[in-house]
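Please read the report below alongside the sequence and the model. It begins with one helix and works outward from there.

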Amino acid sequence: MSESSEIENLIGQAQQAWSAGDTEAAIHCWQQGARLGDAQCAYNLGVLLDEGQHLPRDAAGAAHWYRQAANAGFPDAAFNLAVLHEQGDGVMQDANEAARWFHFAAERGNAQAMFNLGLKFDEGRGLPQDAEQAAQWYLLAAESGEGRGAANLARLFAMGEGVERSDVSAFKWYAIAAEMGVASAARYRERVARELTPDQRLHAGERAQEWLRNHATAGSARLQ
């Protein structure tokens with residue numbers, strides 16, 4: 001049996017065992033698969049060790065398996081590894097290393113990593129402070145379904161940081177963030193609304209609704 005076939009069989013056995021509630025058997029299969037270099041198995045082990053469910057919590061062990069999966073190109077593992085470096089949990093606290101792994105995960109489509117990378121550029125933690133870069137990553141995060149990206153982009157528009165100041169755009173993005181479940185966004189949207197005429201508010205609301213209808217199938221993202 002080839003190594004790839006062996007890994008495929010192990011993954012199938014693990015899924016069946018997990019579904020049947022046999023966590024011990026599933027973990028054993030993931031351990032075998034991870035040792036053979038499979039990124040998904042390594043990531044699964046990392047999550048179990050990170051969360052401390054079904055296995056004793058071991059942040060250093062989680063980091064080991066996340067790193068293996070991340071080095072194989074697995075974006076969710078890279079994001080989780082970045083969080084451990086951000087917190088100094090199981091690994092040395094290192095804002096630069098966290099930024100590196102957030103960037104790795106963001107480039108591979110992880111929306112939370114896009115948001116966190118925007119935050120790092122926004123605050124200058126682990127990366128040079130750059131409001132324009134922050135705005136771009138917040139936008140990409142919002143396009144990928146991360147409401148906090150929309151909320152922070154709204155704040156940049158309201159303050160004119162990294163983008164041209166626009167209360168209309170700020171209202172639009174706060175409205176989008178509110179629809180995406182960000183609890184504070186509606187309150188900030190209403191604050192911005194005080195600076196708008198009724199026609200501007202209507203226009204901004206229409207732009208928000210249009211974006212919400214189209215963002216899942218939108219092409220290249222543009223700041224506006």
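In this predicted model, helix α8 covers residues 131–143, and because a helix is expected to rise by 1.5 Å a residue, its 13 residues should span 18 Å; the C-alpha atoms at its ends are indeed 18 Å apart, which agrees. Within α8, the buried residues are Ala134, Ala135, Trp137, Tyr138, Leu139, Ala141, Ala142 and Glu143. These buried residues pack against several other helices, namely α6 (95–107), α7 (111–123), α9 (147–159), α10 and α12.

One residue of α8 can be followed in more detail. Ala141 is placed in helix α8, and because its relative accessibility is 0%, Ala141 counts as buried. When neighbours within four places in sequence are left aside, Ala141 is in contact with Ala111, Met114, Phe115, Glu146 and Gly149. By contrast with these contacts, Ala82 lies 59 residues away along the chain from Ala141, and the C-alpha atoms of the two are separated by 17 Å.

Helix α7 can be described in a similar way. It has 13 residues and reaches 18 Å from its first C-alpha to its last, close to the 18 Å expected at 1.5 Å a residue. Helix α7 is mostly covered, with 11 of its 13 residues buried: Ala111, Ala113, Met114, Phe115, Asn116, Leu117, Gly118, Leu119, Lys120, Phe121 and Asp122. The partners against which the buried residues of α7 pack are α5, α6, α8 and α9.

Phe121 belongs to helix α7, and because its relative accessibility is 12%, it counts as buried. Setting aside residues up to four places away in sequence, Phe121 touches Leu127, Pro128, Gln129, Asp130, Gln133, Ala134 and Trp137. Phe121 and Asp50 are separated by 71 residues in sequence and by 27 Å in space, taken from C-alpha to C-alpha.

Two pairs of helices show how elements of the chain pack against each other, and the table sets out their geometry.

| Helix pair | Angle | Axis separation |
|---|---|---|
| α10 (residues 167–179) and α12 (residues 198–214) | about 45° | 8 Å |
| α3 (residues 39–51) and α5 (residues 75–87) | about 30° | 10 Å |

With an angle of about 45° between them, α10 and α12 are therefore oblique to each other, and their crossing is right-handed. On the α10 side the residues that meet the partner helix are Val168, Ser169, Phe171, Lys172, Trp173, Ala175, Ile176 and Glu179, while α12 contributes Gln200, Arg201, His203, Ala204, Gly205, Arg207, Ala208, Gln209, Trp211 and Leu212. Sorted by class, the residues of the contact of α10 with α12 comprise nine nonpolar, five polar and four charged.

In the other pair, α3 passes α5 in a left-handed crossing. The contact is formed by Tyr43, Val47 and Asp50 from α3 together with Asp76, Ala77, Asn80 and Leu84 from α5, and the residues of the contact of α3 with α5 divide into four nonpolar, one polar and two charged.

Two histidines add local detail. His54 is found in the loop between α3 and α4 (59–71), and its phi is positive, at about 75°, although it is not a glycine. Most residues other than glycine have a negative phi. With a relative accessible area of 48%, His54 is partly exposed. His28, in turn, lies in helix α2 (residues 23–35), and because its relative accessibility is 44%, it also counts as partly exposed. The C-alpha atoms of His28 and Leu10 are separated by 9.1 Å, with their positions 18 residues apart along the chain.

What does the chain look like as a whole? The protein chain contains 12 helices and zero strands, and along its principal axes the C-alpha trace spans about 70 × 35 × 30 Å. Of the 224 residues in the protein chain, 46% are buried. Among contacts between residues at least 6 apart in sequence, 48% join residues that are at least 24 apart.

Terms used: Residues are numbered from 1 along each chain as its sequence is written. This is a predicted model: local features need pLDDT of at least 70, side-chain atom pairs count only at pLDDT 80 or more; totals for chains, interfaces and linings use all residues. Side-chain values use heavy atoms; hydrogens and water are left out. Axes are lines fitted to C-alpha atoms, for helices over the stretch in contact, and angles run from 0 to 180 degrees between N-to-C directions. Helices (H or I, at least four residues) and strands (E, at least two) are DSSP runs, numbered from the N terminus. Angles under 35 degrees count as roughly parallel, over 145 as roughly antiparallel, 65 to 115 as roughly perpendicular and the rest as oblique. A crossing is left-handed if the near helix is turned anticlockwise from the far one by less than a right angle, and right-handed if clockwise. Contact means heavy atoms within 4.5 Å. Ala, Val, Leu, Ile, Met, Phe, Trp, Tyr, Cys and Pro count as nonpolar, Asp, Glu, Lys and Arg as charged, and the others, Gly among them, as polar. The expected span of a helix is 1.5 Å times one less than its number of residues. Buried means under 20% relative accessible area, exposed over 50%, partly exposed in between (1.4 Å probe, protein chains only).
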